[in-house]
Amino acid sequence: MKAAVLVFPGSNCDRDLAVAFRAAGFQTEMVWHKETALPPGTDLVGVPGGFSYGDYLRCGAIAARSPVAAALRNHGDRGGYVFAPCNGFQILTEAGMLPGALLRNAGLKYICKTVGLRVEDTESAFTQPYEKGQVIDIPIAHHEGNYTADAETIARLNGEGRVAFRYVNTPNGATDDIAGVLSSNKRVLGMMPHPERASDPAHGNTDGAALFAGLAQALVAV
Amino acid sequence: MKAQVTVMLKDGVLDPQGEAVRHALGALGFSGVEGVRQGKLIELDLAPGTTEDQVRSMCEGLLANTVIESYRIEM
């Protein structure tokens with residue numbers, strides 16, 4: 001099982017993500033944004049949190065057009081797994097790999113705290129270890145996490161079971177309390193919260209660990 | 001040759017920054033400000049012969065996120 005974690009100038013959760021991938025059993029390589037290809041045999045790509053390119057223009061906008069983004073898009077088109085927390089989610093929406101966009105938090109403040117998430121769909125590799133409706137505690141740390149999309153898109157995401165997680169108490173104004181969104185084949189997950197920051201006993205919270213274990217399990221089964 | 005691209009959040013997309021500016025203007029005693037929308041102005045220095053169509057492609061490809069933003073080009 002091979003994973004790659006993309007690294008952009010300004011990424012700051014890349015190592016946390018690699019630690020979580022490795023703990024789940026993935027052989028993990030870091031891939032610099034100037035690369036035009038992923039390591040051969042990559043099963044899973046992590047698009048980490050942080051402030052890629054200083055959030056210039058729009059969060060994730062420049063990263064979504066960087067050399068490695070084309071390789072990321074090909075990986076997604078081939079049916080590869082992608083896990084993208086926080087800035088990663090912003091990058092995937094900018095790249096058109098997930099629908100919608102992330103706006104400035106409705107309260108205008110950067111929010112850094114642990115929030116409750118309700119697991120809404122358990123048919124993806126990421127979410128199948130959880131119970132449907134289960135509430136897990138996962139940290140958020142963002143300024144632009146206010147998920148928005150047109151009404152038709154929101155209805156489609158709800159109808160197709162593509163909302164992976166909803167906030168129990170929405171901190172950022174997100175439409176329909178949406179915290180995480182899956183691609184139509186459910187192999188690409190973007191979410192604002194950070195499960196990789198709640199996946200080791202030393203974090204004081206391991207509610208996120210099952211997500212990585214679930215990914216490893218799905219890939220072993222392939 | 002210069003082009004100016006104005007990027008604004010689409011109508012109907014909540015602009016919390018604009019709202020905060022509106023509140024602050026009210027707090028300063030400026031009454032009658034019924035709405036504030038905040039956007040971006042991007043100036044492009046272009047080689048002669050660059051067409052508006054090319055600038056439009058730049059807007060669609062990078063300068064605006066058309067999911068949430070609209071743009072206006074002045075050449």
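The following dialogue goes through a predicted model with chains A and B and asks what supports each description.

Trainee: What makes chain A as compact as a globular protein of its length?

Mentor: Chain A is built from 5 helices and 11 strands. Its radius of gyration is 16 Å, and the globule rule gives 17 Å for 222 residues; the two values are close, so chain A is as compact as a globular protein of that length. The C-alpha atoms fill a box of roughly 40 × 40 × 35 Å along the principal axes.

Trainee: How much of chain A is buried?

Mentor: Buried residues make up 53% of the 222 residues. As for contacts with a separation of 6 or more, 75% of them in chain A join residues 24 or more positions apart.

Trainee: Why is His194(A) called buried?

Mentor: The cut-off for a buried residue is 20 or more other C-beta atoms within 10 Å. His194(A) has 25 such neighbours, so it counts as buried. This residue lies in the loop between E11 and helix H5 (209-221) of chain A. Leaving aside residues up to four places away in sequence, His194(A) touches several residues, including Cys13(A), Pro85(A), Cys86(A) and Ile138(A).

Trainee: How do you know whether Glu196(A) is buried or exposed?

Mentor: The same count is used, and an exposed residue would have 12 or fewer. Glu196(A) has 30 other C-beta atoms within 10 Å, so it is buried. Glu196(A) also lies in the loop between E11 and H5 of chain A. Among the residues that Glu196(A) touches, again not counting those up to four places away in sequence, are Cys13(A), Asp16(A) and Pro85(A).

Trainee: Which residues does the "active site" annotation cover, and why can they be said to gather at one spot?

Mentor: The unreviewed UniProt entry places that annotation on Cys86(A), His194(A) and Glu196(A). They span 111 residues in sequence, but no two of their C-alpha atoms are more than 10.8 Å apart, so they gather at one spot.

Trainee: What makes helix H3 (residues 87-94) of chain A mostly covered?

Mentor: Of its 8 residues, 8 are buried. They include Asn87(A), Phe89(A), Ile91(A) and Glu94(A). The cover over the buried residues of H3(A) includes strand E4 (81-85), strand E5 (101-103) and strand E11 (188-191) of chain A. Just after H3(A), Gly96(A) has a positive phi of about 75°.

Trainee: Why are E2 and E3 of chain B said to stand at the edges of their sheet?

Mentor: The open sheet has 3 strands in the order E2-E1-E3, with antiparallel pairing. Strand E2 (40-45) and strand E3 (69-74) of chain B each have a single partner strand, so one side of each has no neighbour in the sheet. On average, neighbouring strands are turned by 20° against each other, direction ignored.

Trainee: How do you know that E1 and E3 of chain B pair?

Mentor: Pairing requires at least two bridges between the strands. Strand E1 (residues 2-9) and E3(B) have 6 bridges in the antiparallel sense, so the requirement is met. Within E3(B), Ser70(B) is the bridge partner of Met8(B). Helix H2 (residues 52-63) of chain B lies across E1, E2 and E3, at about 155° to E3(B).

Trainee: What makes up the contact between the two chains?

Mentor: Chain B gives 9 residues and chain A gives 11 residues. Helix H1 (residues 16-27) of chain B supplies the largest share of its side, 3 residues. That side of chain B has 7 nonpolar, 2 polar and no charged residues.

Note on methods. Residues numbered from 1 in each chain as written. Chains lettered and ligands numbered in written order. Predicted model: local features only at pLDDT ≥ 70, side-chain atom pairs only at ≥ 80, totals over all residues. Contact = placed C-beta atoms within 7 Å. Helix = DSSP H or I, 4+ residues; strand = E, 2+ residues; numbered from the N terminus. Nonpolar A, V, L, I, M, F, W, Y, C, P; charged D, E, K, R; others polar. Axes fitted to C-alpha atoms, helices over the stretch in contact; angles between N-to-C directions. UniProt positions renumbered as here; feature names shortened; annotations may be inferred. Rg over C-alpha atoms; globule rule 2.2 N^0.38 Å.
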